[in-house]
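Got the viewer open? Let's walk through this one stop at a time, with something to select at each step.

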Amino acid sequence: MTESDLRTHAEEIHEQFSDQLEIDVDDVVDRLDTLVNDYQVPISEARRSVVNTYLDEAGMDRDQLGGGGGGNEQVQVADVDAPEEWVDMRVTVVELWDPRADAVAQVGLLGDETGTIKFTKWSKSDLPSLEEGKSYALRNVVTDEYQGRFSVKLNRTTTIEELDEAIEVGDDSVEAEGALVDIQSGSGLIKRCPEEDCTRVLQNGRCSEHGEVEGEFDLRIKGVLDDGEEVTEVIFDEEATEELTGISLEEGKEMAMDALDTTVVADEMRQKIMGRYYRVRGPTFGRYLLADEQERLTGPVDADEILIKARSI
Amino acid sequence: MASTPTREVARRVFAREFNDASYTFKESDDDRAPVYVLLPTGQRANRVFVVGTLTETEDVGEDSEYWQGRVVDPNGDTFFMYAGQYQPDAASMLRELEPPAYVAVVGKPRTYETDEGDVNVSIRPESISEVDEATRDRWVVETAERTLDRIQRYADADLDDPAVDEYIAMADEEYDQLSAENYRQSVVGALESLQDEQAEASAD
């Protein structure tokens, strides 16, 4: 970060203390510079640290600070559109998932009126537990991005306050309907990189990030729904794939073992689902719809209305 | 991801209209540019999705296997498809399937000119799968809807307006012998036969 950027931040901090404490702007710049440029601390974290130092020196409370209080922007879920921003949110815990790594204390989905977003809470941050269905004011969370999808991380500096009001969670999922006209490569029984926080799909036993690794099996379908007007690319995860095809991960592994070939799994799935009609719901991720719910359309179709129209033209 | 080429939609069309779609064109000079057939109701098609009754399969190849499949729609009109060594999955389906069977076919329209100068339209299948009657019924209603939409758009278009849809204008120019009335009749015929089947099924 440049000297002039640091100076801007330093002047803002100076401003906050102007009523209570005489501090030297150059001194603030030096402290920020050490944290940001020597220790590679994000600027918002550095500001927090420097402000705390002065608060301690003066024996002041954070509430006594003037001018903006060093707080973050209050954002809604749909506003999160860049990584590494420090923000405050008012959200409901929609879902908690099982953490896959010891470093993660809690992981799941937060939501507000504008949609839902993944969150991660680190074990070392030592924060109180969030409960599913409860609403919280979260201060000082950091945004993150992975392959176009945003998330927020709760960290050591985050404050969690339970709210009395319930924050309503909006639905950001979309629906698509049509015939399944293609199952793309990378579907069926696949292997993923086992490295922490890396779930990349292996190509010939190699992860594009971590090289040759002992992969972990997973089931997935990348399919295309087509209604004759538009196409929707859909990803079905392990659970959705099993529901769709009736083939579980264990069965898939057995089939591949018997045939000494993993591609038999996708071939078998193709025979079960290609050319059938489905309705799928879920959030979008890049150009893909991630299937949360899916339903095969098998019910009788009503020809009367369209027949009347056809006769009347 | 604007750079990702968009996948071509699979059009829904009954066999009668499809077999009339003898005019093909490209929209760029690139060798690999997609080839479109022009549907007589005024829409381009680079891919179709068809569900019907597979009535016959035959290896018509001379040196290597080249499978022909006949798939019939509710009007009794036939889609022809051909799969050889470059469509191994579709070829093996045609080899193995026992007609009659309901099949769903995704494929590319292809045309060829016969020695007599007629243009035949067929499907080069990307995939063939065996499906049930409910899937076929859904396809019939969907294809009726899509076809009617095209007929309606064609009927509403003002061909003297320079801003008229280019494929409607193209259809008007290339297919002046054909009448949309034929395709309206295939819509009505297909839906009536579906209703008859449903009536019979509930009477059983």
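Start by selecting chain A and colouring it on its own. A compact globule of 313 residues would come out near 20 Å in radius of gyration, but chain A has 26 Å. Keep in mind that this is a predicted model. Turn chain A along its principal axes and its C-alpha atoms fill a box of roughly 80 × 55 × 35 Å.

Switch to a cartoon view of chain A, and you should find seven helices and 17 strands. Now colour by domain: residues 3–64 are domain 1, 73–162 are domain 2 and 174–296 are domain 3, according to the domain assignment. Put a marker on the C-alpha centres of domain 1 and domain 2 of chain A, and the distance between them is 26 Å. Across the 313 residues of chain A, 29% are buried. Looking at contacts in chain A with a separation of 6 or more, 55% are between residues 24 or more positions apart.

Next, hide chain A and bring up chain B. Its cartoon shows five helices and eight strands. Trace the chain from the N terminus and the elements go α-β-β-β-β-β-β-α-β-β-α-α-α. The radius of gyration of chain B is 18 Å, close to the 17 Å that the globule rule gives for 204 residues, so chain B is as compact as a globular protein of that length. Along the principal axes, its C-alpha trace spans about 50 × 50 × 45 Å.

Of the 204 residues in chain B, 41% count as buried. For contacts in chain B with a separation of 6 or more, 65% link residues 24 or more positions apart. Colour chain B by confidence while you're here: the average pLDDT is 93, and 98% of the residues score at least 70. For the model, ipTM is 0.93 and pTM is 0.70.

Zoom in on Phe79(B), which sits in strand E6 (residues 78–83) of chain B. Is Phe79(B) buried or exposed? It has 24 C-beta neighbours inside 10 Å, and the cut-off for buried is 20 or more, so Phe79(B) counts as buried. Leaving out residues up to four places away in sequence, select what Phe79(B) touches: Ala15(B), Phe18(B), Val50(B), Gly52(B), Val71(B) and Ile123(B). Try a distance label on that last one: Phe79(B) and Ile123(B) are 44 residues apart along the chain, yet their C-alpha atoms are separated by 7.4 Å.

Now show both chains and select the contact between them. You'll pick up 32 residues from chain B and 27 residues from chain A. On the chain B side, strands E4 (48–59), E7 (101–113) and E8 (119–130) and helices H3 (133–156) and H5 (180–203) each supply at least two residues. Which element gives the most to that side? That would be H3(B), with twelve residues. Colour the chain B side by class and you get 17 nonpolar, six polar and nine charged residues.

For the last stop, select helix H7 of chain A, residues 304–312, where Ile306(A), Leu307(A) and Ala310(A) are buried. Those three cover an arc of only 105 degrees around the axis, which puts them on the same side of H7(A). Flip to the other side of H7(A) and you'll see Asp304(A), Glu305(A), Ile308(A), Arg311(A) and Ser312(A), which are exposed. And what do the buried residues of H7(A) pack against? Show chain B again and look at its H3 and H5: those are the partners.

Technical notes
Residues numbered from 1 in each chain as written. Chains lettered and ligands numbered in written order. Predicted model: local features only at pLDDT ≥ 70, side-chain atom pairs only at ≥ 80, totals over all residues. Helix = DSSP H or I, 4+ residues; strand = E, 2+ residues; numbered from the N terminus. Rg over C-alpha atoms; globule rule 2.2 N^0.38 Å. Buried ≥ 20, exposed ≤ 12 C-beta atoms within 10 Å, placed from the backbone. Contact = placed C-beta atoms within 7 Å. Domains from an automatic or database assignment. Nonpolar A, V, L, I, M, F, W, Y, C, P; charged D, E, K, R; others polar. Arc of directions from axis to C-beta. pLDDT = per-residue confidence, 0-100.
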